[in-house]
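Q: I am new to this structure and should like to learn how its features are read. Where should one begin?

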Amino acid sequence: MSRKDKILNGNALYTFIAIIIGFVAGAVLLAVAGINPGLAYGKLLNGVFGQVKYITWSIVYAAPLILTGLSVAFSFRTGVFNIGAEGQFVVGSIAACTVGILFDLPAPIHILLCIAAAVAAGAVWGIIVGFLKVKRGINEVLSYIMFNWIAFYLSNYIVNLSAIHRTGGGEASKDVADSARILAPEFITKLTRCTAANWGIVIAVAAAVLVWFVISKTTLGYQLRAVGFSKTAAEYGGINTNKMFLTAMAISGALAGLGGAVQTLGMAGRVSQFASQEQYGFQGITVALIGSSHPVGCIFAGIFYGAMKYGGGKLSLVKAPAEVVDIIMGIIIFFIAIAHMFKVIFNRKKGGK
Amino acid sequence: MGIIIKDLGLLINAMLIATPPLLLAALGSCFSERSGVVNIGIEGMMTIGAFVGSVVAYYTGNGWFGFFCGGLAGAAFGVLHAVACVSFGADQTISGTAVNFIAPGLAIFLCKAMFDNSSDSPALETASKLPKMFNGIFPAGSFGYNVLSTYSAAYLSFLLVLVIWFVFYKTRFGMRLRAVGEHPKACETLGINVFRIRYICVILSGFLAGLGGAYVTLATVSQFRPNVIVGQGFIAISAVIFGKFTPQGTLKACLLFGFCNGLKSLLGANNIVSPYLISMIPYVVTILALIFFVGKSRVPAANGKPYLKAK
Amino acid sequence: MSNVDKHTVAIQMTGIVKKFGDFTANDHINLTVHKGEVHAILGENGAGKSTLMNILYGLYQPTEGTIAVNGEEVVIDSPQKAIDLGIGMVHQHFMLIQPFTVTENIVLGMEPKKGIAVDIKSARNRILDLSGRYNLKVDPDAKIEDISVGMQQRVEILKVLYRGARHLILDEPTASLTPQEITELIEIIHNLTADGKSVILITHKLKEIKAAADYCTIIRQGKYINTVDVDEVNENQLASMMVGRDVEFQVAKKEMKPGETVLEVKDLHAKDYRDVEILKGLNLKVRRGEIVGLAGVDGNGQSELVEILTGLRKGISGQVEILGEDLFGSTPRKFFEKGVTSIPEDRQKHGLVLDFTVAENLILQNFGKEPYSKKGILKKDLIRKHATKLIEKFDIRPSGCENRLAGELSGGNQQKVIIAREVTNDGELLIAMNPTRGLDVGAIEFVHKYIVEQRNKNKAVLLVSFELDEIMSLSDRIEVIFDGQIVGSVAGRDADENQLGFMMAGGTKHEQER
């Protein structure tokens, strides 16, 4: 059975079971480390739902994750495994950041230009990998990984350019101009008491709906899916498979790049010098898997991950390492990965003997 | 002339520091990939190996024992990956991604739990690290010192290439593991236990990746830090694809990465070019080498495809 | 010539039942094979022959029933156990490791050792020894990917003999052999039985049973039908036992006079996937109202030719004229638009997107055209209605399968989906490659009916098939391909199997007459 149908057939029940197992395993680990899991999970829950402010923060955290999740999900749908969303996200953020700092334009135009730059950067980052595959037959996983690291150092290089680097303390870029920020209007920030509240979630949801529409309702989506499911049959049917492959990689990259823009223009307002990879791209893989590669699923999965990330940050208050979140997430995908097998076992028990 | 020899010595020294962890992990990856199981969890396995290696050495004061335990920690995650991919027929890339979340998460989690919420483990004393050879024979900074007075584990890792080459091409086990990666069904009809071979290979890949990780904390760096591995596992995987899935090819690819790394430290010392651009060299060189020099890598035919027995 | 030793039972399977979930693949099947006997197992595709043999070989466990080998009841729970009992199996799809050498493939799993290393040299000698004894010619140092299908099969037989097998199972062994190679194989089989070995021959080819087997067990839809002495039945009786009704092998065709040339291939050269030249100046012409059968053994350039004629592969040089326009090197879309439709060789690889619904598959070439889409937006309602119509017209089952995935359909129904689509596309030239491979008799009749119908509608048809019987029963003209060239041409009604077989193996018509 191919990777695609396993991913696509993942259904909500098994995902739910996987999530439960993830939390149980996390609890065991906390207990072993001498931390009361009840206390830690209580803190986590409270840290997410305790106040409107917390919920808003979770959503702010979610927006870029939804977008990288969509990027990966879109690639799954079209038969590629975009492990390069990380690099596309990074070039997206640095592109948005650079345009946000260097240009001086009125608000809506400046924002659009930043977003366009980020989307283009992400798309280019994806399409280069596509070209290497199509023209030279180079394994895309390999070049995705290489381009993740090239993006990483490129971003650090740009952040340290004198025109970009902030003056005064801090290893980061200058702040992007206010005209490029996508912060929510004041009444919302006041209402939610979340200073970073921004339009990112709206952009992410709109992108999800657009992706859903393109995939399931258009001839472009038909061709992309055909190539994803069976390159040979698509070719036989007269579809230009290389063109579709590149298109898929470009769109997937563009979505991750958009995620970078949302992060930079929304919550962060700048790009920091990285010491290690940002993980948004890799977390996007988790989001796509939990969301069963469905665009709408990605919205919920992204919010779930965003909440875990935000809430996890508060675990240190009870002396619980925030990394328990990574472990829980890892266990969840591990069980989603083998859920397919459980289905087979259950079905066999129901039928047969 | 003297300066050239000295620089050459520095370059080789930097290569000898950078290559072994990659090489160990990449050789592990060879086992797994050739038997038909894609293992992108190498990164996570290296990280847990780095952590366990440094912590065991810290408490026991024995670098070699820490090194070995680092390997075991990697192997434990090898077991996890094998259960998912071999027994349950899970998607191998996804299972590997899971390992890459769980293993580093666990390493940092345990580090914080053990060392008062610090994500760095305590620094190791020289005596607890892996030993260096020819101590005191060559004057510090001389060519001989740079090339020969290095960690014996580094030379061991090169020796291992030879051993693994022999295993792959001259022994029963090697022949069978290569066959399993090409056509598992055929192997089963010949009475070969496909599951057992794949389990052994995936666990070995974890063990070697763990050793690679432990090498980093027990030789190159003297402690565990969250980003001590930063992508070396992924580079090791690249080296295997680059090296066309053979131990000897993998060695060449790892040496190339090591060389780029050596170049990096040499050029970085002069501070002419931005250190960030220099850091890109290994990756850019890989891409260029793939474009211009290397033909298509012949992937083992059954690579990445779950194999399940019908009952 | 019979070597049957009636007093020694080699293999006895009694009351074998095998269930996969709710599906019963084998329903109380009995089989008795004596020493020195060639025992054929006859049944249609999907009748349960392979399941039965996989049970005997330890790949499956029977749900019920017992197996005795050499008079002793045994449980065979792994291929290793079967090998230990002296059972060997040559699978229909060869179980060979492509990048390994012949020697390596034969010894794999039973490698002789010298110290800790594998002793390839002594293995090689033993293989040469064996191949001499049974007249199985192989090159022990060649890689599998470089040798012919016939030699690959000999490697498979050697693999089994190397393990000391006394009972050999051959699963559809003649599927891709020339008539001459088949004769050789039958000789080898008799060499084996003369040496006291027993051979189980799984097949659906009646002629071979008559030529090679002593007894024949017939299985239909998983059920045991009968075991007969081959000398006492004729082919028609075997066929009706296999299918459960009388079968008409001849396809009715009306007389037609070929019209204008639709396809003309001139001096076509092309390379295969290994970059070796495989088409070496091929010329071919197909006219309206005729079925041209391209006969030949697998691997002589047929696949590459069809791929070029549908735009899937680029040749080196030559011309491919469709209705006078040279389309050499054009895209699949261009070929399609000029009226080339095709039933591809591999329906699961090329013909269908298995993860698409039946409805989506039925518009594979036409998704971009009205009424199925407008301005890039798919019209799902119309796509479904189109499917409903075709499902009914072509009797694609299960009925109402518009929204089912194509991969969920049976092989025969998948082929019907392709035929429904290609016939509806209504081109000028239909290219069919092995259109009935793996189908049961009912589906074969269906496919043949539509191929002839296209011809009767004054379309041009190119039929490429490895089944000589199929070529001979359908074609108006037969062209024989060997080593990338057309080596002979005969009118359909004058075709003689021996003569065709001779040409398929590289001999010319002229030579044989001398």
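A: This is a predicted model. A convenient start is the contact between chain C and chain A: 27 residues of chain C touch 22 residues of chain A.

Q: How much area do chain C and chain A bury between them?
A: The size of an interface is often expressed as the accessible area that is lost when the parts come together. Here chain C and chain A bury about 2100 Å², and 62% of that lies on carbon and sulfur atoms. Within chain C, the residues that lose the most area to chain A are C:D355, C:F356 and C:F367, which together account for 26% of what that side buries.

Q: Which residues form a salt bridge between chain C and chain A?
A: The count for this pair of chains is one salt bridge. A:R225 pairs with C:E360, and their closest N and O atoms are 3.0 Å apart. There are also twelve residue pairs in polar contact between chain C and chain A, both residues being at pLDDT 80 or more.

Q: Which element of chain C gives the most to the side that touches chain A?
A: Helix 11 of chain C does, with three residues. By class, that side of chain C has eleven nonpolar, eight polar and eight charged residues.

Q: How is the contact between chain B and chain A to be read?
A: The same kinds of value apply. The contact takes 43 residues from chain B and 50 residues from chain A, and the two chains bury about 4400 Å², 79% of it on carbon and sulfur atoms. B:F101, B:F109 and B:Y276 supply 18% of the area that chain B buries against chain A, more than any other three residues.

Q: What polar links are counted between chain B and chain A?
A: One salt bridge is counted: B:K112 with A:E323, at 2.9 Å between the closest N and O atoms. Four residue pairs are in polar contact, both residues at pLDDT 80 or more. Helix 4 of chain B gives the most to the side that touches chain A, with 13 residues. That side divides into 27 nonpolar, twelve polar and four charged residues.

Q: In which sense do strand 11 and strand 12 of chain C pair, parallel or antiparallel?
A: Strand 11 (residues 215–220) and strand 12 (residues 223–229) of chain C pair in the antiparallel sense, over six bridges. C:R220 stands opposite C:K223 of strand 12. The hairpin has two residues between the strands, and C:Q221 takes a positive phi near 45 degrees there.

Terms used: Residues are numbered from 1 along each chain as its sequence is written. Chains are lettered from A and ligands numbered from 1 in the order in which they are written. This is a predicted model: local features need pLDDT of at least 70, side-chain atom pairs count only at pLDDT 80 or more; totals for chains, interfaces and linings use all residues. Side-chain values use heavy atoms; hydrogens and water are left out. Contact means heavy atoms within 4.5 Å. Buried area is the accessible area (1.4 Å probe) that two parts lose on being put together, summed over both. A salt bridge is a side-chain nitrogen of Lys or Arg within 4 Å of a carboxyl oxygen of Asp or Glu. A polar contact is a pair of N or O atoms within 3.5 Å; within protein, one must be able to donate a hydrogen and the other to accept it, and residues adjacent in sequence count only if both atoms are side-chain atoms. Helices (H or I, at least four residues) and strands (E, at least two) are DSSP runs, numbered from the N terminus. Ala, Val, Leu, Ile, Met, Phe, Trp, Tyr, Cys and Pro count as nonpolar, Asp, Glu, Lys and Arg as charged, and the others, Gly among them, as polar. Two strands pair if DSSP finds at least two bridges between them.
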